[in-house]
Amino acid sequence: MVKSAVLGFPRMGPNRELKKALEAHWAGKFSEAELQQAAKDLRLQNWQLQKSQGVDIIPSNDFSFYDQVLDHSVLFNVIPKRYQDEKLSFMQRYFAMARGNSTLPSQEMVKWFDSNYHFMRPEFSNSTEFKLVGTKPIDEFLEAKEAHILTRPVVIGPVSFLYLGKAEKGSQGLDPISLINKLLPVYEDLFRKLAAAGADWIQVDEAILVYDLPEKVRAAFKPAYERLSKAANVKILFTTYFGDLGNNVDIINGLPVAGVHLDLVRAPGQLGSILSLLNDSQILSAGVVDGRNIWKTNFKSAIEIVETAIKKFGKDRIIVASSSSLLHTPHTLDSEKKISEEIKDWFSFAVEKAKELSIIAKAVTNGPDSVRSELNNNTKSIEARKCSKITNDPAVRERQSSVTQDMHQRKSEFSARNKEQKQRLQLPLFPTTTIGSFPQTKEIRLARNKFRKGEITEQEYDSFIEKEIQAVVKFQEEIGLDVLVHGEPERNDMVQYFGEKLNGFVFTQNAWVQSYGSRCVQPPLIVGDISRPKEMTVKESKYAQSITNKPMKAMLTGPVTILAWSFPRDDIPRSVQCQQLALALRDEILDLEKAGLKVIQVDEPALRETCPLRKKDFPAYLEWAVNAFRLATAGVENDTQIHSHFCYSDFNEIFDAIRCLDADVVSIENSKSDLKLLSVFDSQNYPACIGPGIWDVHSPRVALLEEIQDRVREILKRVPAESLWINPDCGLKTRNWEETEASLKNMVAAARSAREEY
Ligand code: GLN
Ligand code: ZN
């Protein structure tokens, strides 16, 4: 019999109950016992839900109060000294590592592979003393067992745990992987305890196998699993996801584990090589239901893949599984009451995906007739989506087919444009500007909500926004900024705002996905060919320009970022969707230019984070991503100045791509990173202007004048004076007015003194 398995389930609950419980606890309104009880209820609910969908193998220890990697750090006593010294309870310490407390900053947070989930990076030191100090995986296993559900506990594998971590300050030079032999006894201990509690399988996630790995790390797998396989009477499912194993597939060869899980959605091609690598008793868990998107599974294709595997292995050695944890999908489609029935029929969220798994397992176990009507309905949905007018817009396709190479090319190159722009804008040396948003006050959010609910008229709302713009413009003039912005009061979010104005997008009521800790995001869903029915931002920018003589900078989110922060379609490549967005933005930019905007910023903070997992795939991605930006921006005249903005990026890897964007001014988040980063921008390398963030907008701390002055002096050692712009790190929407005003005044003063000094 073919069994179905889920690799992990969303934790937040159908209505983000966990978020609410956590935030109430942090606010002191919910005791630790109440929080524990809420979590227990949610876990039970999730297990029962999966069971009721017919899933055979249900995970435990996939729950977390904040992050599963942090759970492991705490479980294994990987707790940096600074948190140990404090007299904190277990939970207080856990949350201090997660989000900081009044005296300590949090641990570093990093993106989980190429998803929008973020994990707390483990820190290892020479004095790290691995020991099993908690019982979370065992407790949760027993909790489920008590409810008569025999779960498969999920743990992060030892090699991934070390590789995803870093050396603690003071232990620089320590390569975490060198600690593997110290760590393994703790895993052995954990496996023994899980086996004693009654677990027959453990899902051990070694997701790093989809990365390019150093030889030392690759070499760590075999000896580690030799040991772990003998540790206890429990079977190991060696689990990878999010991509192709590529050259790491050889690690599977002869690995003493009872089973292997592969992501066959992202990389169906690896099935063949795995089938010939596994031995006669090993089990294959075939990840055929996508854990990373919101689309209904195509049963026909999924069943074909599973049948291929069955032919070789027989039914008892195949498991049908989600490609990865379902953590990255929203909870259930049931909560969506506003999406049209036609479109809703195309989707499948976590609960529905669990059901799909059990249907596929039945189909291959008992034959298609046992689930005939489910299969037929699925075929109908898939066909309907393929043929739908919503999905396919011939006008968009037609336009894409007539895109030419020279549409990606500005009329002249930077040096010529720069002259014309200088002439037209008449800016001083070291021009000052901001990244776009100004504090989003309670009043602004309230007005937006009222308008959304129809409690105020469009006219009332528009005049409210105009007043906000007036205030922001006046403020910027008063403090003496050179290039102004309108402040983005009308925008809730830099992607949703555009998605709502474009054809091809759908919005949900409750489709939240965990981003980090209690923070969830609700990405728009791209369902069809994208186009712009009418102007999106011209009204506000044009108005803002009309009330000042200073140049006004219009503000757009770039095509790569809109795509990255939405759920994309799975029926056409992302590159095609990105080009559709680029064409829509191109029209918007030309309209802004026509409306008199001389400076236009196109934000692409997601350019770096969308990079593929493997280096070999970078060039292809960067080509379409850069082309999309260029297609969006290259239609303007020479004397229209194009800015772009990047935050939280590691630029070295994509520096060439940033240069290829051919923007006139690039602002980057820099205040937290060291200045070395800027050396890549030295004059020979980088022809255009740059604005390295001068202070950290993510902290409420006011930037002091001397600090900014020092910073500018340091930057000037690396960036030619005529190329330097002075601006904060990022948008100011999360700051309050007091902090904003004080910091910006210091920034302007620093620019003035730099002009004198220079
Ligand atoms: N223009 C946006 C803002 O200022 C940019 C935000 C971002 O880069 N994340 O809010
Ligand atoms: Zn930013």
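**Two parallel sheets and two domains in a predicted model**

Strand 8 (residues 201–205) and strand 9 (residues 235–239) pair in the parallel sense over five bridges. Here strands (E, at least two residues) and helices (H or I, at least four residues) are DSSP runs, numbered from the N terminus, and two strands are said to pair if DSSP finds at least two bridges between them. The structure is a predicted model, in which local features need pLDDT of at least 70 and side-chain atom pairs count only at pLDDT 80 or more, whereas totals for chains, interfaces and linings use all residues. Residues are numbered from 1 along each chain as its sequence is written, while chains are lettered from A and ligands numbered from 1 in the order in which they are written.

Within the pairing of strands 8 and 9, Gln203 lies opposite Leu237 of strand 9. Both strands belong to an open sheet of eight strands, arranged in the order 1-12-11-10-9-8-6-2 with parallel pairing. The edges of this sheet are occupied by strand 1 (3–5) and strand 2 (59–60); each has a single partner strand, so one side of each is left without a neighbour in the sheet.

A further open sheet is built from six strands in the order 13-18-19-20-21-22, and its pairing is also parallel. Its edge strands, each pairing on one side only, are strand 13 (484–485) and strand 22 (689–692). Inside this sheet, strand 19 (residues 599–603) runs parallel to strand 20 (residues 641–646) and is joined to it by five bridges. Across these two strands, Gln601 faces His643 of strand 20, and Val602 stands opposite Ser644 of strand 20.

Burial was assessed by counting C-beta atoms placed from the backbone: a residue is buried if 20 or more other C-beta atoms lie within 10 Å of its own, exposed if 12 or fewer, and partly exposed in between. By this criterion six of the six residues of strand 20 are buried. Both of its faces are covered, with Gln641, His643 and His645 buried on one side and Ile642, Ser644 and Phe646 buried on the other.

The loop between helix 23 (574–594) and strand 19 contains Leu597. Leu597 is buried, with 24 other C-beta atoms within 10 Å. Two residues are taken to be in contact if their C-beta atoms, placed from the backbone, lie within 7 Å. Leaving aside neighbours within four places in sequence, the contacts of Leu597 are Ser541, Gln545, Met552, Ala554 and Leu592. Leu597 and Ser546 are separated by 51 residues in sequence and by 9.7 Å in space, C-alpha to C-alpha.

Helix 14 (residues 350–366) comprises 17 residues and reaches 24 Å from its first C-alpha to its last, close to the 24 Å expected at 1.5 Å a residue; the expected span is 1.5 Å times one less than the number of residues. This helix is mostly covered, since 13 of its 17 residues are buried. Gly367 follows helix 14 and has a positive phi, near 90°. Val371 is located in the loop between helix 14 and helix 15 (372–387). Val371 has 21 C-beta neighbours inside 10 Å and therefore counts as buried. Apart from neighbours within four places in sequence, Val371 is in contact with Ile359, Lys362 and Ala363.

At the level of the whole protein chain, the domain assignment, which is automatic or taken from a database, gives domain 1 (3–10 + 37–389) and domain 2 (429–439 + 475–506 + 536–745). The centres of the two domains, taken over C-alpha atoms, are 36 Å apart. The contact between them takes 14 residues from domain 1 and seven residues from domain 2.

The protein chain has 28 helices and 22 strands. Its radius of gyration is 27 Å, close to the 27 Å that the globule rule gives for 758 residues, so the chain is as compact as a globular protein of that length. The radius is taken over C-alpha atoms, and the globule rule is 2.2 Å times the number of residues to the power 0.38. Along its principal axes the C-alpha trace spans about 75 × 60 × 50 Å. Buried residues account for 49% of the 758 residues. Among contacts between residues at least 6 apart in sequence, 78% join residues at least 24 apart.
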